[in-house]
Amino acid sequence: MLFFVLVALASGLAYLVQALAMPAADVPLAMAWGLAFGLVFAGVDHLRTPERYRAMLPRAVPWPGFVIAFTGLCEIAGAVGVLLPPTRPLAGWMLALYFVCVFPANIRNAVEGLAVDGLPGARWYYWVRLPFQPLIIWWALFASGATGWPFAG
């Protein structure tokens, strides 16, 4: 949920900066900047504090340290990709796929509960996070231009 709040606030700030600099601000571009900010923040956190993410991984995932580092690098690469016009649509699709792939871990955290440094210990927090996952999948697709739904065909 913190990730989504960071993305939304950074997108709003990017939109305001655009609105001050040009006559018509580009909403998807502002959303791409916000998404990139959130992804870099999360990716760096994966690399700096991998132990925080170890508890989130299902026990069946092999090489948890590698998986955590790899997902952090994927988030950073997605951030760069969504900002570069030639790679923006592909990055949007890849980020959507990434967010789909991490969703089972979020479900597991809600069902089993989780104790992670820096995150609330209350189980309700992990249940509240779940509806944000489809929203962030849509965000990646809309911000990248992969879809205009529901605003355009």
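Q: Where is Val 61 found?
A: This is a predicted model, in which local features need pLDDT of at least 70, side-chain atom pairs count only at pLDDT 80 or more, and totals for chains, interfaces and linings use all residues. Residues are numbered from 1 along each chain as its sequence is written, and side-chain values use heavy atoms, with hydrogens and water left out. Helices are DSSP runs (H or I, at least four residues), numbered from the N terminus. In these terms, Val 61 is located in the loop between H3 and H4.

Q: How far apart in space are Val 61 and Leu 9?
A: In sequence, Val 61 and Leu 9 are 52 residues apart. Taken from C-alpha to C-alpha, the separation in space is 33 Å.

Q: Does Trp 63 count as buried or exposed?
A: Trp 63 also has its place in the loop between H3 and H4. Its phi is near 50°, a positive value in a residue other than glycine. Most residues other than glycine have a negative phi. Buried means under 20% relative accessible area, exposed over 50% and partly exposed in between (1.4 Å probe, protein chains only), so with a relative accessible area of 65% Trp 63 is exposed.

Q: Which residue is joined to Trp 149 by a cis peptide bond?
A: Most peptide bonds are trans. The bond after Trp 149 is cis, with omega about 5°. The partner is found in the segment after H7, and that residue is Pro 150.

Q: How many salt bridges does the structure hold?
A: A salt bridge is a side-chain nitrogen of Lys or Arg within 4 Å of a carboxyl oxygen of Asp or Glu. One of them joins the side chains of Arg 52 and Asp 45 (3.6 Å, N to O). Arg 52 is partly exposed at 24% relative accessible area, whereas Asp 45 is buried at 15%. The number of salt bridges in the structure is three.

Q: How many residues apart in sequence are the parts tied together by Glu 112 and Arg 59?
A: The side chains of Glu 112 and Arg 59 meet in a salt bridge of 3.6 Å, N to O. Glu 112 is partly exposed at 44%, while Arg 59 is exposed at 68%. Glu 112 lies in helix H5 and Arg 59 in the loop between H3 and H4, so the separation in sequence of the parts they tie together is 53 residues.

Q: Which residue is linked with Arg 59 and Glu 112 in a network of salt bridges?
A: Glu 112 also meets a second arginine in a salt bridge (3.4 Å, N to O). This arginine is four residues from Glu 112 in helix H5, a separation of about one helical turn. At 15% relative accessibility it counts as buried, and the residue is Arg 108.

Q: What is the volume of the largest pocket?
A: On a 1 Å grid over the protein atoms alone, a pocket is an open set of points where a 1.4 Å probe fits, with protein on both sides within 12 Å along at least five of seven lines. Grid points are joined across faces, edges and corners, and the volume is the space filled by probe spheres set on the points. For the largest pocket, the volume is about 900 Å³.

Q: Which helix gives the largest share of the lining of the largest pocket?
A: Lining residues have an atom within 4 Å of a point. Of the 36 residues that line this pocket, the closest to its centre are His 46, Tyr 53, Glu 75, Asn 106 and Arg 129. The largest share is eight residues, and the helix that gives them is H5.

Key:
Helices (H or I, at least four residues) and strands (E, at least two) are DSSP runs, numbered from the N terminus.
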